[in-house]
Amino acid sequence: MTGLSHVGEDGRARMVDVTDKTPTDRTAVAAGFLRCLPETLDQLRAGTAPKGAVIETAELAGIMAAKRTAELIPLCHNLPLSKAAVTIAIDEALPGLRVTSEIRTHAVTGVEMEALTAVSVACLTLFDMLKAVDRTMTIGGIEVTAKTGGKSGSW
């Protein structure tokens with residue numbers, strides 16, 4: 001099991017010791033989507049979805065989730081976030097909603113998990129708020145699309 005940073009020599013899970021790492025500016029961007037019926041998008045545009053301000057609520061849920069990532073993902077470090085932004089946009093071609101997050105920190109480890117968590121929870125919130133009008137929805141494509149900072153550099 002050598003080479004796995006979250007596994008000790010005894011084979012047990014452990015949190016990676018980042019004590020000696022130097023803090024750097026770090027950013028991660030993630031994206032995903034919720035595919036739905038065109039009629040569902042019509043309700044969103046008209047503001048007639050039964051649960052109210054769907055997009056705004058899902059954006060807020062994503063931000064809140066990013067801040068709590070360490071509580072949700074085992075062995076994930078608790079990081080001081082300096083930016084947590086979630087943007088949701090209607091995409092007629094999908095049809096559905098594109099969800100993007102950008103997370104920033106000045107810390108000793110990256111914020112990829114926070115960016116992924118933000119997108120995931122925003123998509124789940126969209127699903128929850130729209131399930132009464134569209135039971136065909138699917139969530140997908142959740143991925144890190146960019147990252148800066150740290151020893152591994154940018155990608």
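Two strands count as paired here if DSSP finds at least two bridges between them. Keep that in mind for the tour, and remember that this is a predicted model.

**Stop 1: the whole chain**

Start zoomed out, coloured by secondary structure. You should find four helices and four strands, and reading along the sequence gives β-α-α-α-β-β-α-β. The C-alpha atoms fill a box of roughly 55 × 30 × 25 Å along the principal axes. Of the 155 residues, 39% count as buried. If you like contact maps, take the contacts between residues at least 6 apart in sequence: 72% of them join residues at least 24 apart.

**Stop 2: β1 and its partners**

Select residues 24-35, which make up strand β1. This strand is mostly covered, with nine of its 12 residues buried. Now add residues 96-107, strand β3. β1 and β3 pair in the antiparallel sense, over 12 bridges. For a marker on this pairing, show A30 and its bridge partner in β3, S101.

Next, bring in residues 138-148, which is strand β4. Here β1 makes another antiparallel pairing, over eight bridges. Pick R35 and you'll see it standing opposite T138 in β4.

**Stop 3: T27**

Stay on β1 and centre on T27. Is T27 buried or exposed? It is buried, because its relative accessible area is 14%, which falls under the 20% cut-off. Draw a distance between the side chains of T27 and R104 and you have a polar contact of 3.2 Å. Then show what surrounds T27, skipping neighbours within four places in sequence: E102, I103, R104, V111, A146, K147 and T148 are the residues in contact with it.

**Stop 4: T105**

Hop across to β3 and select T105. With 3% relative accessibility, T105 counts as buried. Which backbone oxygen lies 2.5 Å from a polar atom of its side chain? That oxygen belongs to P80. Beyond the neighbours within four places in sequence, T105 is in contact with T24, D25, R26, P80, L81, S82 and V111. V111 is worth keeping on screen: it appears in this list for T105 and in the list for T27.

**Stop 5: the β2-β3 hairpin**

Select residues 81-91, strand β2. β2 and β3 run antiparallel, joined by 10 bridges, and they form a hairpin with four residues between them. Show V86 and look across to β3, where S101 stands opposite. You've met S101 already, as the bridge partner of A30.

Now slide into the loop between β2 and β3, where P95 is found. Check the peptide bond from L94 to P95: this one is cis, with omega near -25°. As a reminder, most peptide bonds are trans.

**Stop 6: I63 on helix α2**

Go to helix α2, residues 54-67, and pick I63. At 25% relative accessibility, I63 counts as partly exposed. Apart from residues up to four places away in sequence, I63 touches A84, A85 and V86. V86 is the residue you just saw opposite S101. Try a distance too: the C-alpha atoms of I63 and K83 are 9.2 Å apart, with their positions 20 residues apart along the chain.

**Stop 7: L75**

Move on to the loop between α3 and β2 and select L75. What is its phi? About 70°, a positive value although L75 is not a glycine. For context, most residues other than glycine have a negative phi. L75 is partly exposed, with a relative accessible area of 31%.

**Stop 8: the cavity**

Finish with a cavity search. How many cavities of 30 Å³ or more does the structure hold? One, and the space in the largest cavity is about 30 Å³. To see its walls, select A66, K67, T69, A70, H77, N78, L79 and E114. Helices α2 (54-67) and α3 (69-72) are the elements that give two or more residues to this lining. Colour the lining by class and you get three nonpolar, three polar and two charged residues.

Conventions. Residues numbered from 1 in each chain as written. Predicted model: local features only at pLDDT ≥ 70, side-chain atom pairs only at ≥ 80, totals over all residues. Heavy atoms only, no water. Buried < 20%, exposed > 50% of the residue type's maximum accessible area, 1.4 Å probe, protein only. Polar contact = N/O pair within 3.5 Å; in protein donor to acceptor, adjacent residues only side chain to side chain. Contact = heavy atoms within 4.5 Å. 1 Å grid on protein atoms, 1.4 Å probe; cavity = no way out; pocket = protein on both sides within 12 Å on 5 of 7 lines; lining within 4 Å. Points joined across faces, edges and corners; volume = space filled by probe spheres on them. Nonpolar A, V, L, I, M, F, W, Y, C, P; charged D, E, K, R; others polar.
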